[in-house]
Every structure is written in structure tokens, then in C-alpha cells.
Amino acid sequence: MELHPLLVKITDTPQFQRLRHIKQLGGTYLVYPGASHNRFEHSLGVAYLAGCLVKALCDNQLELKITDEDILCVQIAGLCHDLGHGPFSHVFDGLVIPEVKKIKQSKGKHEQMSVLMFDDIVKSLKAENEDVLKEHGLDDKDVIFIKELIEGAKTSEVQSDTPAGRDEDKSFLYEIVANKQNGIDVDKWDYFARDCHHLGIRNSFDHQRLLKFARVCEVNGRNHICFRDKEADNVYDMFRTRYTLHRQAYQHKICNIIEDMFAEALVRADRDLHEGKPEDMLKISEAIKTAEDYSKLTDEIFEQILSSTSDKLKESRDILNKIIRRKLPKFVGEKLKKTHWFSVVDLDHGMKDKNPIENVYFYSKRKPNEASVIKDHQLSSFLPKRFNEELVRVYYKNTDGNKEEQMKKMEEAEKCFQIWCDSNFGLQ
């Protein structure tokens with residue numbers, strides 16, 4: 001990959017190098033040993049693909065008036081979109097922070113932190129050279145644009161709410177890195193290919209073909225990135241790949257329990273990570289307040305707790321030791337949820353219970369400047385009628401006692417679970 005000199009400057013900062021020490025798939029690595037890749041290489045890949053897509057649009061449609069500055073901004077956003085991930089990626093912002101702060105899980109938390117970290121990078125680069133952005137043709141408005149791209153501006157917003165970074169005619173640029181319109185973006189293109197490779201899961205989605213057939217068309221008065229109608233099956237394969245990765249890896253029953261255990265260890269260690277520290281020393285959960293403190297939070301916190309001798313961290317150490325020794329809660333059973341009052345794991349194609357294809361625009365060979373949603377008869381009749389499912393999972397936590405006792409307890413737990421399923425879900 002060839003990177004712009006400004007992108008190289010960004011990668012050489014401590015804030016970005018930190019990503020070398022954050023596993024892309026968090027606790028999944030402890031189930032799939034091949035999943036040892038980090039956020040660092042993923043971010044490089046997203047920057048590269050972001051450049052490929054925006055350059056392809058620029059070369060194929062000169063009327064879009066995509067500038068070199070536009071291209072550079074999109075690449076920087078791709079490079080920096082994951083700066084805000086905490087230890088074990090989604091474990092920190094998805095499980096630890098909500099528990100410690102007593103708030104609901106919220107999407108976009110790591111994107112907001114990414115913006116904060118990007119601001120810190122810009123500040124540090126300017127401290128070395130005040131004109132570093134200007135030398136590459138960028139100004140303060142471009143910085144705003146990059147941050148909007150990282151957070152993912154909603155392309156469905158009305159004109160009065162149009163992001164400040166670029167005018168309405170370039171709204172399609174907001175669909176490249178973090179696409180809130182339909183979920184088709186280069187972030188997914190990279191992690192689908194990368195994760196499938198490391199996990200050994202087949203990837204039927206071909207992002208190179210989609211890249212080749214991408215085109216900007218005006219739909220309902222707004223410019224969107226659209227695709228050839230013959231690529232509809234390929235687009236569906238993208239959403240199906242997402243589901244498969246969640247079903248087989250990201251939401252794997254053992255991955256989930258390991259990540260829950262690690263989150264519990266972090267919550268218990270929140271105040272007492274460093275032995276003999278002063279009372280006013282920052283908690284783990286408070287490190288999200290500044291980029292400087294957050295930069296110190298990586299997966300290495302696992303080893304820090306494990307090697308600590310502090311009595312206050314004993315509970316956290318015990319939990320991590322159970323993970324290492326594979327003394328995990330035993331999986332009792334799993335049932336597909338048919339009602340709407342209880343849930344543990346949500347699986348979908350990216351848009352909850354909606355068909356994501358309904359938000360993708362396609363153009364035809366005869367009318368390359370006109371795009372619309374695909375008709376049902378143009379898609380395979382084998383497509384599902386439901387696009388999400390929710391699973392109920394039960395684990396038996398007591399791992400003490402001999403093997404024979406454990407087996408008896410597990411049999412009792414499985415019988416109880418089956419009775420509960422029959423009475424609540426009517427499943428056999």
C-alpha cells in the first residue's frame with residue numbers, strides 16, 4: 001500500500017501506534033487462535049480502500065469535482081476511524097463503560113473517542129509544525145470534515161442539518177468510511193476480508209467488484225453512492241457475511257462469556273489497578289475523559305492485572321486466571337427467541353429487523369445516471385423473510401467441584417433450561 005505523506009505522519013504518532021496493542025476481535029482471539037490481528041493493520045486497510053473508492057469515483061465521474069483535498073480527507077478519516085477503541089475493542093465501550101457509568105449501551109461511543117484522539121493528533125502535529133496541514137492543502141474546515149466522516153454523518157438529514165465539512169453536492173463522500181444510509185462502507189469491506197482470512201471463515205462477498213461498479217447518482221434530490229443492478233446478489237452476500245461472522249465468531253458462545261468475564265474483571269479493577277496509588281488517581285473508566293489518559297489503555301491491561309500482587313485486585317486476578325485456565329461457565333443451552341421480552345444475543349444483517357437491501361440504490365447499464373431500490377423480482381427467491389434473530393443463552397457459572405459433580409449439575413441445568421424453554425417459548 002502506498003500512503004500519502006500526511007497519513008504516514010499520523011501513523012507515526014503514539015495515539016495511532018497504540019492500535020498495535022488492541023486486538024481487532026477482542027476476546028475472539030482466545031477462541032480462534034488465528035484472530036491475532038490488531039486495529040493497527042485494519043486501520044491501514046480502511047485508509048487504503050477509502051482512497052481506492054473515492055479515486056475510482058473521481059476518475060469515472062469528473063462532473064463530481066472531487067478534489068485532492070477531498071480524497072486526502074476521506075483517507076485520513078479511514079485511517080483514524082478506530083482510534084477510540086479501548087482494551088479488547090468493543091468490550092471496553094460496549095460492556096465496561098455502560099456498567100461502570102450505569103448507562104445503556106450506546107453505539108458510536110468509540111467513534112466519539114476517535115474524534116477526541118484525532119484532535120489530539122492534530123494538536124501534536126501542529127506543535128511540531130504549525131503549517132503541517134496547510135502544506136498538504138488542508139485547513140480547519142477539512143479537519144471538521146474528517147471528524148464528521150469518522151462519526152458518520154447521517155446522509156438522510158435534511159439540508160438545514162447538512163454537515164459543515166462539505167456542501168450538499170458532496171454528500172456521497174459521507175458514505176465511504178461510515179455509511180449510516182445502508183451500512184455499505186470500506187470499514188466493513190476491510191474487516192470482512194481480514195477477519196474471514198484470520199478466522200478461516202469463507203467470504204463470499206467480493207468488494208473489488210463492488211468497487212468497480214460504484215457510481216454516484218442523484219436519488220430524491222441527494223447524491224448517493226449506487227451500484228450496478230447486476231451486483232445486487234453481491235451486495236446481499238455482504239450483509240450475509242456480516243451475519244455469518246457474528247453467528248460463528250463475534251457472538252460465539254464461548255467468545256461472549258470470555259468477554260463478559262474480562263469486562264467483569266475490569267469493572268472490579270476500576271479503582272484499584274495500581275497498587276499504592278493516591279486516592280485521586282484516575283479510574284480506568286475515567287480515562288475516556290482525555291486523549292492522553294486514554295492512550296495508555298490497551299489490551300496490556302490484562303497482563304497488568306494478572307501480574308499485580310495487590311490484594312485489592314485479587315477478585316479481578318481470579319477471574320482472569322479462570323479465563324487462562326479455561327475454567328469458564330459451562331454452556332447449558334441456546335434457543336431462538338420467538339417472543340419480545342427477553343434477549344441475550346442479537347443477530348441481524350446490519351439494520352435490525354429490516355432488509356438492508358431496501359436502502360441500497362442501483363443503476364442499470366442503460367440508465368447509468370438514474371438509480372432506485374432493487375425490485376423484489378430482481379433478487380433471489382431464496383432470500384429470508386426475516387433479517388434478525390435473537391438468541392437466549394444460559395451458562396452454569398459454578399466451576400468448582402470434581403468432574404462427576406460438574407456433570408450431574410450440568411445435566412440438572414440442561415433439564416431446567418429445557419423446561420423453561422418449553423414453558424416460555426413453546427420450543428421442543
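Colleague: Let's start with D120. Leaving aside its neighbours within four places in sequence, which residues is D120 in contact with?

Modeller: In this predicted model, D120 is in contact with Q15 and A291 once those sequence neighbours are set aside. The pair with Q15 shows how to set sequence against space: D120 and Q15 are 105 residues apart along the chain, but their C-alpha atoms are 8.1 Å apart.

Colleague: Where is D120 found, and is it buried or partly exposed?

Modeller: D120 is found in helix 6. Its relative accessible area is 23%, and buried means under 20%, so D120 counts as partly exposed.

Colleague: How should I read helix 6 as a whole?

Modeller: Begin with the general idea. An α-helix has 3.6 residues a turn, so residues three or four places apart point the same way. Now the case here: the buried residues of helix 6 are H110, E111, M113, S114, V115, M117, F118, I121, V122 and L125. Try reading that list with the turn in mind while you rotate the model.

Colleague: What covers the buried residues of helix 6?

Modeller: The cover includes helix 1, helix 2 (14–17), helix 4 (68–80), helix 5 (90–101), helix 7 and helix 12 (291–294). For the length, compare the end-to-end reach with the expected span. Helix 6 has 20 residues and reaches 30 Å from first C-alpha to last, close to the 28 Å expected at 1.5 Å a residue.

Colleague: And what about cavities? How many of 30 Å³ or more are there?

Modeller: The count comes to two cavities of 30 Å³ or more. About 80 Å³ of space lies in the largest. It is lined by L6, I10, I76, F118, I121, V122, L125, V132, L133, V143 and I146. The elements giving two or more residues to that lining are helix 1 (5–11), helix 6 (109–128) and helix 7 (140–151). Helix 6 supplies the largest share, with four residues.

Colleague: How do the residues of that lining divide by class?

Modeller: The lining of the largest cavity has eleven nonpolar residues, with no polar and no charged ones. Now turn to the second largest cavity, with a volume of about 40 Å³. Its lining has five nonpolar, one polar and two charged residues. The residues that line it are L53, E175, N179, I184, D185, W189, I225 and F227.

Colleague: I recognise W189 from helix 8. How many residues of helix 8 are buried?

Modeller: Ten of the 14 residues of helix 8 are buried, and the helix is mostly covered. W189 is among the buried residues, along with V186, D187, K188, D190, Y191, F192, D195, C196 and L199. These buried residues pack against helix 3 (39–60), helix 9 (207–212) and helix 10 (232–250).

Colleague: What about the length of helix 8, and what comes just after it?

Modeller: Helix 8 (residues 186–199) reaches 20 Å from its first C-alpha to its last, close to the 20 Å expected at 1.5 Å a residue. Just after the helix, G200 takes a positive phi of about 75 degrees.

Colleague: Which residues other than glycine have a positive phi?

Modeller: Two to look at are F88, with phi near 55 degrees, and S89, with a positive phi of about 55 degrees. F88 is found in the loop between helix 4 and helix 5, and S89 has its place in the loop between helix 4 and helix 5 too. F88 counts as buried at 10% relative accessibility, and S89 counts as buried at 1%.

Colleague: Can we take one residue from helix 10, say T244? Which residues does T244 touch, not counting those up to four places away in sequence?

Modeller: T244 touches I201 and A249 on that count. At 19% relative accessibility, T244 falls under the 20% cut-off, so it counts as buried. T244 and C196 are 48 residues apart in sequence, and 9.9 Å apart in space, C-alpha to C-alpha.

Colleague: To finish, what does the whole chain look like in numbers?

Modeller: The chain has 15 helices and seven strands. Of its 428 residues, 53% count as buried. Among contacts with a separation of 6 or more, 75% come from residues 24 or more positions apart. The accessible surface comes to about 21,600 Å², and 48% of that belongs to carbon and sulfur atoms.

Methods. Residues are numbered from 1 along each chain as its sequence is written. This is a predicted model: local features need pLDDT of at least 70, side-chain atom pairs count only at pLDDT 80 or more; totals for chains, interfaces and linings use all residues. Side-chain values use heavy atoms; hydrogens and water are left out. The expected span of a helix is 1.5 Å times one less than its number of residues. Buried means under 20% relative accessible area, exposed over 50%, partly exposed in between (1.4 Å probe, protein chains only). Contact means heavy atoms within 4.5 Å. On a 1 Å grid over the protein atoms alone, a cavity is a set of points where a 1.4 Å probe fits but cannot get out, and a pocket is an open set with protein on both sides within 12 Å along at least five of seven lines; lining residues have an atom within 4 Å of a point. Grid points are joined across faces, edges and corners, and a volume is the space filled by probe spheres set on the points. Ala, Val, Leu, Ile, Met, Phe, Trp, Tyr, Cys and Pro count as nonpolar, Asp, Glu, Lys and Arg as charged, and the others, Gly among them, as polar. Accessible areas come from the Shrake-Rupley method with a 1.4 Å probe; for residues, only the protein chains shown count as cover.
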